[in-house]
Amino acid sequence: MQYSTSQGDYIMGEEPYLLTPGPLTTAASTKAAMLKDWGSWDGDFKAVTAEIRARLVAMCEGGDAYDCVPMQGSGTFAVEAALSSFIPKDGKALVLMNGAYGKRAGKILEYIGRDFVSLDKGDYLPPMPEEIDEILKNDKAITHVLAVHCETSSGILNPLKGISDVTMKHGRKLIVDSMSAFGAVPVTVDEIPFEALVSSANKCIEGVPGFGFVLAKKSALEASKGNCHSLSLDLYDQWIYMNTSGQWRFTPPTHTVVAFLEALRLHEAEGGVAGRLKRYSQNRDTLVGGMKEMGFVPLLDEMWLSPIITTFFSPDDEKFDFTRFYDEIKSRGFIIYPGKLTEAESFRIGFIGALDKSVMEGVLKAIAESCAAMGVTNFAPPAGVK
Ligand SMILES: *Cc1c(COP(=O)(O)O)cnc(C)c1O
């Protein structure tokens, strides 16, 4: 497929691969699903919305006890909707932080005026169940625990099962930001009986950006009436309206929604969560193995490496320059992601999206060539960072 746009000619399959954790590279049929205009009130579109909600509830094995409420906007809008709708005005949260997204959740709570404490582990250490146990034991006012499943800023896969177990042991409620993991890392309500879990269209389900969604206990949705400070982010209102009319309360991102249904069908055809996990794990193993062979050093120890994204330390070589590195790799057909560590120079490579092992092998080749073009020969990080 080829056509001209004001940004130049578009040739399907010729744009660079996005090695970024969303927006990401999508399948051709997902893109093609957006070539039709839809009326948001139309029965056909309502059926799309209903099917998406049902498929997402099924993905976490939520049965009759859980429901799915989509929310317009990027993933953060859905996180803000969940925090403000589920944590009552007199509630108190424990926010588990080890990177940018945990910190952002804390910032949201400041904005919306909810009381919270945080367990901040810095850039890349996991919040451990024993630490959470101690905090919950000593602070009976905490009503909710907020956990980030995969902290995308470092790529760490946090120990969600342990976090969930200790939260349940103390009778508190769990809210999970599984934005960058849901759909590729198994989460079932049987194992992780969360109150609410948030994710979005443009991560592991491989849709395009435009909305997020909240999977939540129906009992939590029922109890959330009147909690939210915001009209547009009120999940209760969105839920009731959607259930009674079949429509989104305000204009939905129609093209994104139909593309997402196509992405969900591809997800199912790949073998669901297990199939996706397998491909992403293979992507990770290929990429991380090849990078280590070249001499690059990943930030995290093996056991914490998510199948989503990995952080590598930038080489100490004085010829290494991230901007040039990025441009060299881009000219070879791949877009990588800058790092987000506060203490050491780093960059990130994502494994999610319509990418497979052969793409990862292409990235490795592009990285080797880019380093050669720059004259970089020493791939190790500065002494002392790891
Ligand atoms: C992507 C992401 C978000 C949401 O980010 P947006 O830019 O608002 O879509 C939230 N949490 C995590 C862990 C993420 O990876």
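**Exercise 1. List the residues around the ligand in this predicted model, then sort them by class.**

Step 1. Take a cut-off of 4 Å between heavy atoms.
Step 2. Read off the shell of this predicted model. The residues are Ser74, Gly75, Thr76, Tyr101, Arg104, Val148, Cys150, Thr152, Asp177, Met179, Ser180 and Lys203.
Step 3. Sort by class. The shell holds four nonpolar, five polar and three charged residues.

**Exercise 2. Find how far the ligand oxygen atoms lie from polar atoms of Ser74, Gly75 and Thr76.**

Step 1. Set the limit for a polar contact: N or O atoms within 3.5 Å.
Step 2. Start with Ser74. An N or O atom of its side chain is 2.5 Å from a ligand oxygen.
Step 3. Move to Gly75. Here a backbone N or O atom does the job, at 3.0 Å from an oxygen of the ligand.
Step 4. Finish with Thr76. A polar atom of its side chain lies 2.5 Å from a ligand oxygen.
Step 5. Now check the cover. On its own, the ligand has 380 Å² of accessible area, and the protein covers 86% of that.

**Exercise 3. Name the pocket that holds the ligand, and the elements that give two or more residues to its shell.**

Step 1. Locate the space. The ligand takes up the largest pocket.
Step 2. Match shell residues to elements. Those giving two or more are α3 (75-86) and α4 (100-112).

**Exercise 4. Compare the reach of helix α10 with its expected span, then look just past its end.**

Step 1. Count residues. Helix α10 runs over 272-294, which is 23 residues.
Step 2. Work out the expected value. At 1.5 Å a residue, 33 Å is expected.
Step 3. Compare. From first C-alpha to last, α10 reaches 33 Å, close to that expectation.
Step 4. Step past the end. Gly295, just after α10, has a positive phi of about 115°.

Technical notes:
Residues numbered from 1 in each chain as written. Predicted model: local features only at pLDDT ≥ 70, side-chain atom pairs only at ≥ 80, totals over all residues. Heavy atoms only, no water. Polar contact = N/O pair within 3.5 Å; in protein donor to acceptor, adjacent residues only side chain to side chain. Areas by Shrake-Rupley, 256 points an atom, 1.4 Å probe, with all protein chains shown as cover. 1 Å grid on protein atoms, 1.4 Å probe; cavity = no way out; pocket = protein on both sides within 12 Å on 5 of 7 lines; lining within 4 Å. Sits in = over half its atoms within 2 Å of the grid points. Helix = DSSP H or I, 4+ residues; strand = E, 2+ residues; numbered from the N terminus. Nonpolar A, V, L, I, M, F, W, Y, C, P; charged D, E, K, R; others polar. Expected span 1.5 Å × (residues − 1).
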